[in-house]
Amino acid sequence: MAGDILRVSEDFWNIRGSYRIGGFIDVGTQASLVRRSNGRFVFLDSYTLTSRVSGQVDELTGGGEMVEAILNLHPFHTVHVRKMHELFPRARLYGTARHLERFPDLPWEEMRLEDSASHGQFADAFEFSVPRGVDFISADEKVHFSSVLAFHRASGTIHSDDTLMYIRLPALLSVFGLSDAVSFHPTLAKALEQRPGAARDFGDWAAGLIESWRSAENLCAAHTAALLAHENRGESIHKRLNRALDKVGKTLQAHEQKYG
């Protein structure tokens with residue numbers, strides 16, 4: 001539910017936010033707060049905290065003094081970036097090329113999060129992955145497929161904006177054979193690079209990610225919910241991700257037929 005802070009593990013909290021399309025349909029958004037082994041905290045993504053959540057975050061982080069970095073992982077998630085910096089002005093600010101372009105006045109760290117060189121600074125807590133075969137920053141601003149995905153090893157949690165989605169349906173719909181589902185963002189076909197081999201590169205990346213992060217037990221997805229281990233009554237995250245990859249098989253095949 002929007003405005004909630006979910007305790008995923010002893011060191012990982014997921015903040016559920018609100019994002020309305022056209023001012024009506026709330027598809028949700030998120031940020032996560034993670035405590036590193038040094039006792040300091042990192043935010044994955046930005047969100048304007050409600051007073052209730054802000055109080056909880058302040059209690060955890062010593063009034064924000066222990067927040068050392070904010071990592072903006074999705075190039076098109078920009079609404080809350082400035083406010084987040086205002087809330088935690090001493091935290092190092094990281095983003096993608098698009099963040100730096102849109103907010104040139106903010107004190108960004110030089111390294112961009114889509115560049116693997118930046119990932120080593122947080123390797124004690126996270127593994128990061130950037131999708132291959134797709135445009136990271138699409139020329140079509142309606143295509144929000146790609147992002148930097150983060151895996152918090154200690155809690156077995158994947159934090160993903162848009163690239164991976166979790167749709168939670170009302171329990172009543174199970175009577176009609178419908179259930180919750182993990183999927184890739186529906187703009188994949190438009191996000192694939194227009195070149196030979198792009199679909200193959202994406203498929204190889206996705207399969208590698210699924211295998212490398214097969215121990216994942218939680219999926220925090222921006223749209224529309226989080227799938228946590230203690231609530232999961234279905235298949236494992238690993239199996240759900242494999243099914244999601246299977247479902248986009250026709251999309252990848254159509255791209256290969258067009259471009260080779």
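I began with Leu-6 and looked for the residue across from it, which turned out to be Asn-14 in β2. The model I am reading is a predicted one, and I keep that in mind throughout these entries.

Next I looked up how the strands β1 and β2 run together, and found that β1 pairs with β2, residues 12–17, in the antiparallel sense over four bridges.

I then followed the pairing outward and noted an open sheet of six strands, in the order β1-β2-β5-β6-β7-β8, where the pairing is mixed. The strands at its edges are β1, residues 5–9, and β8, residues 92–94, each of which pairs on one side only. On average, neighbouring strands of this sheet are turned by 20° against each other, if direction is ignored. I reminded myself that strands of a sheet pair through backbone hydrogen bonds, either parallel or antiparallel.

After the sheet I turned to helix α1, residues 51–61, and asked which of its residues are buried. I found Val-53, Ser-54, Val-57 and Thr-61. They lie on the same side of α1, because the arc they cover around the axis is only 100°. As background, I noted that an α-helix has 3.6 residues a turn, so residues three or four places apart point the same way. Ser-51 and Glu-59, on the other side of α1, are exposed.

I also checked what covers the buried residues of α1, and the cover includes β1, β2, β5 (29–35), β6 (41–44) and β7 (67–71).

Finally, I looked just past the helix, where α1 is followed by Gly-62, a residue with a positive phi near 60°.

Note on methods
Residues are numbered from 1 along each chain as its sequence is written. This is a predicted model: local features need pLDDT of at least 70, side-chain atom pairs count only at pLDDT 80 or more; totals for chains, interfaces and linings use all residues. Side-chain values use heavy atoms; hydrogens and water are left out. Two strands pair if DSSP finds at least two bridges between them. Helices (H or I, at least four residues) and strands (E, at least two) are DSSP runs, numbered from the N terminus. Axes are lines fitted to C-alpha atoms, for helices over the stretch in contact, and angles run from 0 to 180 degrees between N-to-C directions. Buried means under 20% relative accessible area, exposed over 50%, partly exposed in between (1.4 Å probe, protein chains only). The arc is that of the directions from the helix axis to the C-beta atoms. Contact means heavy atoms within 4.5 Å.
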